[in-house]
Amino acid sequence: MEKSEKLLARNDQAFTLIELLVVVSIILVIATIAIPQYALYKKGSHNKMARSDLRNLVTAQEATFIDQDLYVSCSNSNCNHPTVTGFQLSRNVSVICEVVENGESYSCESRHQGGTITYNYNSATNIFSEQE
């Protein structure tokens, strides 16, 4: 009996293979759920960044019109300040802004490289739209 009591005492200090397998499988289940959710979260944040840049570009275009009495056609880094008053393009976002109707209005578009949505704005109609 003395020998079996020593074996039991020694086994109480270690994890069994079954316990380790259960812990590993729980971690795998959690990772299986979390990784796709993280990818969706990341795409959503990229889309929001592109939408935010478009709204900021529209505000900057209006500020430029007040300062210089004209709208500016630009794309990507050409849209940064001082070309368009007060605008700074975010990383991995592409924008295009074109003046239309004899300089009376403009249309702009933005999209993030990692995003899924393209955002558009038309100053003639004052409408923001999006398309996947």
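Two strands pair if DSSP finds at least two bridges between them, and the legends below use the word in that sense for a predicted model.

**View 1. The whole chain, with two helices and five strands.** Read from the N terminus on, the elements of this predicted model follow the order α-α-β-β-β-β-β. The C-alpha atoms fill a box of roughly 100 × 25 × 15 Å along the principal axes, and the radius of gyration is 28 Å, whereas a compact globule of 132 residues would have a value near 14 Å. Of the 132 residues, 25% count as buried, and the accessible surface comes to about 9400 Å², with 57% of that area belonging to carbon and sulfur atoms. The chain carries 10 positive and 14 negative side chains, and the centres of these two sets lie 16 Å apart. If one takes the contacts between residues at least 6 apart in sequence, 39% of them join residues at least 24 apart.

**View 2. The hairpin of β2 and β3.** Strand β2, residues 93-100, and strand β3, residues 105-112, pair in the antiparallel sense over eight bridges. One of the residues to look for is V95, whose bridge partner in β3 is S110. Four residues lie between the two strands of this hairpin, and E101 takes a positive phi near 55 degrees there.

**View 3. The hairpin of β3 and β4.** Here β3 pairs with strand β4, residues 118-122, in the antiparallel sense over four bridges, and five residues lie between the two strands. S110, the bridge partner of V95, also stands opposite Y119 in β4, while S107 has N122 of β4 as its bridge partner. Strand β4 is mostly covered, since four of its five residues are buried.

**View 4. The hairpin of β4 and β5.** Strand β5, residues 127-131, pairs with β4 in the antiparallel sense over five bridges, and among the partners in this pairing are T118 and Q131, the latter in β5. The hairpin has four residues between its strands, and N126 takes a positive phi near 55 degrees.

**View 5. The loop between β1 and β2, with P82 and N92.** Most residues other than glycine have a negative phi, and most peptide bonds are trans. Against that background, the bond that joins H81 and P82 is a cis peptide bond, with omega about 10 degrees, and P82 lies in the loop between β1, residues 74-75, and β2. N92 belongs to the loop between β1 and β2 as well, and its phi is near 65 degrees, a positive value in a residue other than glycine. N92 counts as partly exposed because its relative accessibility is 34%, and the partly exposed class lies between the cut-offs of 20% and 50%.

**View 6. The loop between α2 and β1, with D69.** D69 lies in the loop between α2, residues 17-68, and β1. Although D69 is not a glycine, its phi is positive, at about 60 degrees. The relative accessibility of D69 is 58%, so this residue counts as exposed, the cut-off for that class being over 50%.

Definitions and conventions:
Residues numbered from 1 in each chain as written. Predicted model: local features only at pLDDT ≥ 70, side-chain atom pairs only at ≥ 80, totals over all residues. Heavy atoms only, no water. Rg over C-alpha atoms; globule rule 2.2 N^0.38 Å. Buried < 20%, exposed > 50% of the residue type's maximum accessible area, 1.4 Å probe, protein only. Contact = heavy atoms within 4.5 Å. Areas by Shrake-Rupley, 256 points an atom, 1.4 Å probe, with all protein chains shown as cover. Lys, Arg positive; Asp, Glu negative; His and termini not counted. Charge placed at Lys NZ, Arg CZ, Asp CG, Glu CD.
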